Amino acid sequence: MKKFNYLWLYMLLVMGAVSNNAHAGLVLDTVGTSVNNSMLTLDSNDFVAAEFSLVDGQVITDLKAYINAGNSGVAGDGFTFHLYSADGKAGLPGTDLYSVDSTYQADGWNGVSNLNVSGLTAGNYWLALEVSGSSNLELPGFSTSGSAPALAYAFNAGSGYSIMTGANFGVQVSSVPLPAAFWLFGSSLCSFLFSMRRKSSSL
Amino acid sequence: MSKYNAKNKKKLSVVMLTFMSAAYLSCFSMSASAADPVIFSFSTIGDTRQDPGAGKADKTALLPPITGTLLPQDAQWLQNTHAWARILRTVQSQKANLLFVNGDMIMGYGRAAVPPTWSTTAPATPSDVVNSDLVNFYTQYAYWRGMVANSFETGTYVLPVAGNHEVQCNSANLTTTPVLSRSVCVTGKTAYAENEDAWRANMGDLISDLTTNQRFQSVVGTNALNVSGLNATTAPNSITDSSISTNQADLSYSFDIQTAAGLLHFVVINTDPVGFDSHAPVGWLAADLFNAKSRGAAKFFVFGHKPAFTYDYLGNGLGTGTAPPQVGIAGLDNDIAGPSGRNIFWQIIAQYNATYFCGHEHTTKIDQHVDPTNTYTSANPWQVLVGSGGSPFDPKFGVASVSSTDRYYAWATVRVHQSGNVTLDAYGFSDSFGPTQVIQTIPNLQ
């Protein structure tokens, strides 16, 4: 009976981990149904950022940006996602908390998955798209917002971030409510304890 | 066995079909540039100078960063550093091989000569000297050269195009110059030989390097071929254009760039030669384009300062009317039907399906114009007006104009693709210095 209970607990933990990853929610989703006429540039002099909020303990798992090549971009062009805290001047991007490189592959969604960005406290953050190399990409604007609109947009044309009005771009941030690492660690710990117990009872 | 083979063949064909469809779809969804890479590119803009004139700047009561405001830092050097520096940074990030600046890089508008009064009355104070037209020209050139110097370090070679502010004297402007520092010029706006000399003295090194190649090839990645116009014999002269009376070396010049997509031909023209203001050297241009085509040039790009077709940004028709206000004719269309007038100029452009890049009007307009003489009707060449590099906008703040981007600081970047297709993107940012945007795309310029 005890053996059954430990097995049941282990299964539950693993299922919990799996289901949480499968149901990662969008905490930022700026893409609506149609593209408007604006087309922002993304190059080593022109960065953009969108502001969103997190509750305590959320873990970011996926970052995506809606990117077009235009006439100059090519598959493999690099760009970087930066996660800033909103502690800059007037709540603009401040401390650079995390960054991850990505590459443009084709027009549409481009980004990185299976991240585990944890340790974030409740508050506002900025997700920025920046370029350090020679990439020249374009960011279409959207006439309506998606399921989790940005709190604000900002741009940096070489002299720091400023609030951007009248233009937007497509970006998505997915998160899970608790650290995925917690579930993995928990499941490993349980299985370890379970195996230790079996070992000691057999002695 | 044969049944087995037939079954396998069927399976194989299904797999092949699936693979081919997937390959086709993936190619289809790839961007144009990924399938057709850029092999050469250039950017172009005009009119980066500032203006000290009363009423030229708009929104003067507001603090920067506001367009048109003459910043204290720019008052001496008369350059819109705020806009121009940002444009330069983005052009550098776009990795253009060349940057053509289509005139009016300096305020100029005087006579770059020793004032005649100095022969009898020596200048008494430093101010008498440093405020002379001669010193103003040279210091403004030097400041502009300093601003573009970094472009060469990042792979963009800058080529200048003479504008009316470089080669003309504006009699109205002399009222702001100290008496001792003046050289009188005739009423109106007129080109002077000493201003053409000052051009060569301050810009000539950038142009002569097309042949001396001290730096051009290392910056651009390839050398210039078939360079013309670097001396009085190969530049427009009285033989090619009877109205030309002064040395046009370095003011109108041309060269080729060999690419995998064919030979590209670039031509720069002075649209205000001495004695023939507001005219293109059409005789020289026709011969130059003919020669380029004869040696196999496939794409033709012509750069001048004044537009062939004035952009009516108010939409009230061109003219001098005030109710409603009209845009005055500002370009080569001051002489439409003359023997060297606008129509002949555009006929030549149409004959070679060239693209004409210009400035002068402080706004942006990119549109097509058919040959007004109906001689070459198969082409519909583009005029790319990008006089939006920092000079006070012609469409004034708060006054309705034709396009929402009329008051954008804007430039064009042209890309030659492997296939030979030529694309153009116009980029810009608003008069309140918003984010940089793509404001117009032309998928097939030539």
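**Exercise 1. Which helix of chain B has a kink, and on which residue is that kink centred?**

Before starting, keep in mind that this is a predicted model.

Solution, step by step:
- Look at helix α8 of chain B, residues 193–212: there is a kink of about 65° in this helix, and M203(B) sits at its centre.
- Next, check what is buried along the helix. M203(B) itself is on the list of buried residues of α8(B), together with E194(B), N195(B), E196(B), A198(B), W199(B), N202(B), I207(B) and L210(B).
- Then step off the end of the helix. α8(B) is followed by N213(B), which has a positive phi, near 55°.

**Exercise 2. Work out how α10 and α11 of chain B are placed against each other, and which residues meet.**

Solution, step by step:
- Start with a bit of background: a pair of packed helices is described by the angle between the axes and by the distance between them.
- Here, the axes of α10(B) (residues 282–294) and α11(B) (residues 342–351) come within 10 Å and cross at roughly 5°.
- Angles under 35 degrees count as roughly parallel, so α10(B) is roughly parallel to α11(B).
- Now find who touches whom. From α10(B) come V282(B), L285(B), A286(B) and L289(B), and they meet I344(B), F345(B) and I348(B) of α11(B).
- Sort those by class and you get seven nonpolar, no polar and no charged residues.

**Exercise 3. Do the same for α4 and α6 of chain B.**

Solution, step by step:
- The axes of α4(B) (residues 81–93) and α6(B) (residues 133–153) come within 10 Å, with a crossing angle of roughly 10°.
- That angle makes α4(B) and α6(B) roughly parallel to each other.
- On the α4(B) side, the contact is made by T81(B), W84(B), A85(B), L88(B) and Q92(B); α6(B) brings M147(B), V148(B) and S151(B).
- By class, this contact has five nonpolar, three polar and no charged residues.

**Exercise 4. In what order do the seven strands of the open sheet in chain B lie?**

Solution, step by step:
- Read across the sheet: β6-β7-β8-β9-β10-β12-β11 of chain B, with mixed pairing.
- The edge strands are β6 (225–228) and β11 (364–368) of chain B, each of which pairs on one side only.
- On average, neighbouring strands of the sheet are turned by 15° against each other, ignoring direction.
- Zoom in on one pair: β8(B) (residues 262–268) and β9(B) (residues 297–303) are parallel and share six bridges. Within this pair, L264(B) has K299(B) in β9(B) as its bridge partner.
- Finally, bring back α10(B) from Exercise 2: this helix lies across β6, β7, β8 and β9 of chain B, running at about 155° to β9(B).

**Exercise 5. Describe the hairpin of β14 and β15 in chain B.**

Solution, step by step:
- β14(B) (residues 422–430) and β15(B) (residues 437–442) run antiparallel, joined by five bridges.
- A426(B) stands opposite Q440(B) in β15(B).
- Six residues lie between the strands, and F433(B) takes a positive phi near 60° in this hairpin.

**Exercise 6. How many residues of chain A and of chain B are in contact?**

Solution, step by step:
- 27 residues of chain A are in contact with 25 residues of chain B.
- Strand β2 of chain A (residues 35–42) gives the largest share of the chain A side, four residues.
- By class, the chain A side has 11 nonpolar, 12 polar and four charged residues.

Technical notes: Residues numbered from 1 in each chain as written. Chains lettered and ligands numbered in written order. Predicted model: local features only at pLDDT ≥ 70, side-chain atom pairs only at ≥ 80, totals over all residues. Pairing = 2+ DSSP bridges. Helix = DSSP H or I, 4+ residues; strand = E, 2+ residues; numbered from the N terminus. Contact = placed C-beta atoms within 7 Å. Nonpolar A, V, L, I, M, F, W, Y, C, P; charged D, E, K, R; others polar. Bend = angle between axes of the 7 residues up to and from the residue. Buried ≥ 20, exposed ≤ 12 C-beta atoms within 10 Å, placed from the backbone. Axes fitted to C-alpha atoms, helices over the stretch in contact; angles between N-to-C directions. Parallel < 35°, antiparallel > 145°, perpendicular 65-115°, else oblique.
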